Structure formats: C-alpha cells, structure tokens
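Visitor: Before we look at the details, could you take me through this model and explain how its features earn their names?
Guide: Gladly; here is the structure to keep in view as we talk.

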Amino acid sequence: MDKVYLTSEKEKELRAELKDRQTNQRLEIGDRLKRAKEHGDLSENADYAAAKEIQLANESRILELETILGSAEIIKSDAKGKAGEITIGSKIKVSGSGGVKEFTILGSYDSDPKQNLISNESPLGKAFLNRKVGDEVEVQTPAGLMKYKIISVE
C-alpha cells in the first residue's frame with residue numbers, strides 16, 4: 001500500500017477503533033457465536049450465519065486499519081514545503097471565479113470537501129501540490145474547468 005497521510009487526530013481515532021475492534025467487538029462477536037451454536041444445527045441457523053458475517057466484517061476492518069496505520073505518515077501542522085510550496089497539511093487561500101476560498105490539503109482519510117478539507121489524491125488537491133503563491137492552477141471538475149490563483153500558503 002502507498003503511503004497514507006493522516007492528521008494526528010485521525011491516527012488516534014483509527015488506533016482507538018482498532019483497539020476496540022480487537023478487544024470489545026471480538027469478545028461480543030465470540031459471545032454471539034457461542035449463543036448461536038447452542039441453538040443446534042448450524043447449517044440452518046440464521047443467528048450463526050449473521051454472527052459469522054459480522055465476524056468477517058470486523059476482521060476485514062481490523063486488517064484494513066492495520067494496513068492504514070502501518071503505512072501512515074503523520075501530517076505536520078506546520079507543513080510548509082521548501083520555499084513556500086504547497087504540501088500535504090498546507091492551508092491555502094486561492095482566488096477564482098467563485099471568489100476567495102480557503103482549502104487545507106490532507107490525506108484521503110481526513111478529507112471533508114464540505115469543510116474545505118481536500119484530499120491530496122483529489123484532482124484539486126493534486127493540482128495544488130508543489131505549487132507556490134502566485135501560481136495559477138487549472139482543474140477539470142464536474143462543473144467544468146476551474147481556474148485558481150494561489151494567494152497564500154500556511
């Protein structure tokens with residue numbers, strides 16, 4: 001898996017979820033499986049089949065979380081690239097046809113476009129990375145070609 005960029009808050013959230021799934025949820029699922037087995041014939045036991053599906057989903061998510069956290073790089077809050085370049089973690093201000101907008105470039109797990117937190121993997125995020133104040137950026141979006149001028153980088 002490629003490098004995954006996370007804020008320290010998102011890393012803590014994912015680690016807490018992983019711990020909960022490895023302990024609490026595994027125990028709950030184990031108890032549910034045990035109770036379902038007590039009902040007899042497993043081939044026609046809907047409770048057992050449902051518990052097995054939940055167990056599979058939980059184990060899949062545990063593997064996914066371990067993979068994410070194993071390849072994670074924590075975004076520094078003062079993420080300014082060399083000579084003011086936009087990097088992952090940068091807060092930028094841009095002007096375009098819609099006026100002045102502010103964005104923060106984060107990894108995909110932290111992105112929330114409604115809050116102007118955009119993924120480094122999105123077309124907009126990719127277009128801004130490694131750019132500097134004064135650069136003009138064109139991005140093809142579902143709404144058409146958008147043009148932005150970078151005003152500031154923090």
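**A cavity and the strands beside it**

Guide: This is a predicted model, and in it strand S4 (99–106) and strand S7 (144–153) each supply at least two residues of the lining of the largest cavity. The largest share of that lining, 3 residues, comes from S7.

Visitor: What makes a space like this a cavity, and what is the volume of the largest cavity?
Guide: A cavity is a set of points where a 1.4 Å probe fits but cannot get out. The volume here is about 40 Å³, and the count of cavities of 30 Å³ or more comes to 1.

Visitor: Which residues line the largest cavity?
Guide: The lining is made up of Gly96, Ser97, Gly98, Gly99, Lys101, Met146, Lys147 and Tyr148. By class, the lining residues divide into 2 nonpolar, 4 polar and 2 charged; glycine counts as polar under the rule used for these classes.

Visitor: How do you know that strand S3 and S4 are paired?
Guide: Two strands pair if there are at least two bridges between them, and strand S3 (residues 91–96) and S4 have 6 bridges in the antiparallel sense, so they meet the rule. One example is valine 94, whose bridge partner in S4 is lysine 101. S3 and S4 also form a hairpin, with 2 residues between them.

Visitor: What makes S4 and strand S5 a pair as well?
Guide: The rule asks for at least two bridges, and S4 and strand S5 (residues 117–119) have 3 in the parallel sense, so they too count as paired. Here isoleucine 105 stands opposite isoleucine 118 in S5.

Methods
Residues are numbered from 1 along each chain as its sequence is written. This is a predicted model: local features need pLDDT of at least 70, side-chain atom pairs count only at pLDDT 80 or more; totals for chains, interfaces and linings use all residues. Side-chain values use heavy atoms; hydrogens and water are left out. On a 1 Å grid over the protein atoms alone, a cavity is a set of points where a 1.4 Å probe fits but cannot get out, and a pocket is an open set with protein on both sides within 12 Å along at least five of seven lines; lining residues have an atom within 4 Å of a point. Grid points are joined across faces, edges and corners, and a volume is the space filled by probe spheres set on the points. Helices (H or I, at least four residues) and strands (E, at least two) are DSSP runs, numbered from the N terminus.
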